[in-house]
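Subject: Structure for your review

Dear colleague,

Please find below the structure that I am handing over to you. I would be grateful if you could read the notes beneath it alongside the coordinates.

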Amino acid sequence: MQLKKSWIMTLALTSVLALSACGNGGGNKTGGNAAATNEGSGGAKISGSILASGSTALQPLVELVAENFMDKNAGVDIQVQGGGSGTGLTQVAEKQVDIGNSDVFAEEKLKDKDAEKAAALVDHQVAVVAIATVTHPDAGVNSLTKQQLLDIFTGKITNWKEVGGADQKIQIINRPGSSGTRATYESYALGTKTEDIPGSIQEDSSGTVKKMIGETPGAIGYLALSYLDDSIKTLSLDGVEASVDNVISGKYPVWAYEHMYTNGEPNETVKAFLDFFLTDEVQTGEVVELGYIPAVKMQVTRDVAGNVTAK
Amino acid sequence: MRVKLKNSRIEKHHIEDFVGRTYMSFCVLLLITIIVSMVYFVASKGISTFTSGDVSVSDFLFGTKWSPEADTPSFGAFPFIAGSFLVTLLAALIASPLSLCAALFMTEIVPGWGKKLLQPVIELLAGIPSVVYGFIGLSVIVPFLRNNLPGQGIGVAAGALVLSVMILPTITSVAADALASLPQNLKESSYALGATRWQTISRVIIPTTFPAIMTGIVLGMARAFGEALAVQMVIGNAPFVPKSLFESASTLTSVITLGMGNTTMGSAHNNALWSMALVLMLMTFVFVFFVRLLERRNKI
């Protein structure tokens, strides 16, 4: 019995040591372990592991495509983590992960002293997300102009009747200042950065934002197209309806790329995975299925500075 | 033969002793290293806001303007510090009397079935994940406040209500333990003098266990101060000092959880969030200090 106990102790001790060693191995992870190997002469078989982290908005898509990719390539192991766009960009810039997912251009987050970090990153745009202005169904407004939206979000207009709606106080449901969705909305729907006004509500999760707009009388906010349904009212912007077709043709301006950044040119395994994202199978399959807009279908492109050009 | 056996037994005993001791020292050292490095990590990251020269400590602690992403950013964290203290104090005010009554009910009024009924319920409350509290707050408390009180339901009052339910188990269990460990003869002497149950509870039991009950309350407040998710869902997160209990406000934790993932490491915004984490950690130290102080008074 006594002997058994000491054995258990030693076992426990070694397992703790083994575990902590594992932890270390994980912590020191670099892009290097995604080593690709070429086998056979017929089709190139790829293998290795890929670690992606970042944007929670992009996470479900990457997870679904990764599963599909792993089914096709048995030797590949892909792990997808959330954490937010900032986390993804930080980790890929420091080579802790192979792919950093982001809702915004790296140059927008890695500024000033970090600008050279952004320069080392290679952008892969895999999908587009469009954002629509939404209100509580009883607000009584169908369309707003850019200027009206700006006046609402800066607190100049505080009642729906001032823009032709019901006599009801406007309740702003905003995103936190660091949110990529907010940055996109401010750039392309309002035209400028705005400051928070007292009494506004800030939520980060789209599900919560939708629930609140549906339940709070007079609420206004913004959501990705995939979240729209009958519990909330979707507004047009300057008369242009927020629809997939209008985004693709470039008529509706409030959209952003979903980026997957690699540090330098990707190795073979990562490249194969990113290329797979742009195949028709994924672009018309998982991308559409989850409510994103295919990047390959876009008839316009946009650069970091926001300049839109026809493709 | 016999001597040899005895020797080996002594050896076994020594080995066991050695293994046990090594394992324990290893664990203790690991624990100390983890705690020290965590404190060092948070402190070094939190201080970088001030050492980089952009923000002074007083601007940070007492500044009321928070706009980290603006072209000329300002990092005043006072609204969040005020919000944290406000919801914590309100939650403690709501939860303490309820907890004390529950503890008295369990230990003094009906120790039999009352304890059997209440104890599991309170343990259950402690085990519910905070996201569930947040969701219940959003689905039940917020609409209730919106329909019956001014404002949109979201705000300090909703946050304090959600928190008060979350800290009920902490205060109740500490208070119940203290009441149960009270020497029986104290109560018996009180009854022997002709005191009623109410007199015994209010004049003998509560005063003697007061420091222990306070310990429970401080522990509950520490939990409320550090709670993030549930509060973030119902408080509204506007970076302003609220003018009423039904207005949107922020706590330190809600701002950290909303911003941390979306900012890049080393940016001024990210550093400011770490400074808030440092404030939270220092506050935890203060709470622990108070608990220790109360524990010292606790010895009757």
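The notes that follow cover confidence and then the pockets.

Please bear in mind that this is a predicted model. Its overall scores are an ipTM of 0.79 and a pTM of 0.82. For chain B the mean pLDDT is 89, and 96% of the residues reach at least 70. Among the elements of chain B, the mean pLDDT is lowest in helix α1 (residues 2-51), at 86, and highest in helix α3 (residues 78-109), at 93.

The largest pocket has a volume of about 1200 Å³. Its lining comprises 48 residues, and those nearest its centre are Lys111(A), Pro68(B), Glu69(B), Ala70(B) and His269(B). At least two lining residues come from each of α4 (106-109) and α7 (180-190) of chain A, and from each of β1 (66-67), α10 (252-259) and α11 (268-298) of chain B. The largest share belongs to α7(A), with four residues. By character, the lining of the largest pocket holds 14 nonpolar, 20 polar and 14 charged residues.

The second largest pocket has a volume of about 960 Å³. It is lined by 47 residues, of which Thr56(A), Ala57(A), Asp204(A), Ser206(A) and Tyr227(A) are closest to its centre. Elements that each supply at least two residues of this lining include α8 (206-215) and β11 (255-263) of chain A, as well as α9 (229-235) of chain B. The most is given by β4(A), with four residues. This second lining divides into 23 nonpolar, 18 polar and six charged residues.

With kind regards

How values were computed:
Residues are numbered from 1 along each chain as its sequence is written. Chains are lettered from A and ligands numbered from 1 in the order in which they are written. This is a predicted model: local features need pLDDT of at least 70, side-chain atom pairs count only at pLDDT 80 or more; totals for chains, interfaces and linings use all residues. Side-chain values use heavy atoms; hydrogens and water are left out. pLDDT is the predictor's confidence in each residue, from 0 to 100. On a 1 Å grid over the protein atoms alone, a cavity is a set of points where a 1.4 Å probe fits but cannot get out, and a pocket is an open set with protein on both sides within 12 Å along at least five of seven lines; lining residues have an atom within 4 Å of a point. Grid points are joined across faces, edges and corners, and a volume is the space filled by probe spheres set on the points. Ala, Val, Leu, Ile, Met, Phe, Trp, Tyr, Cys and Pro count as nonpolar, Asp, Glu, Lys and Arg as charged, and the others, Gly among them, as polar.
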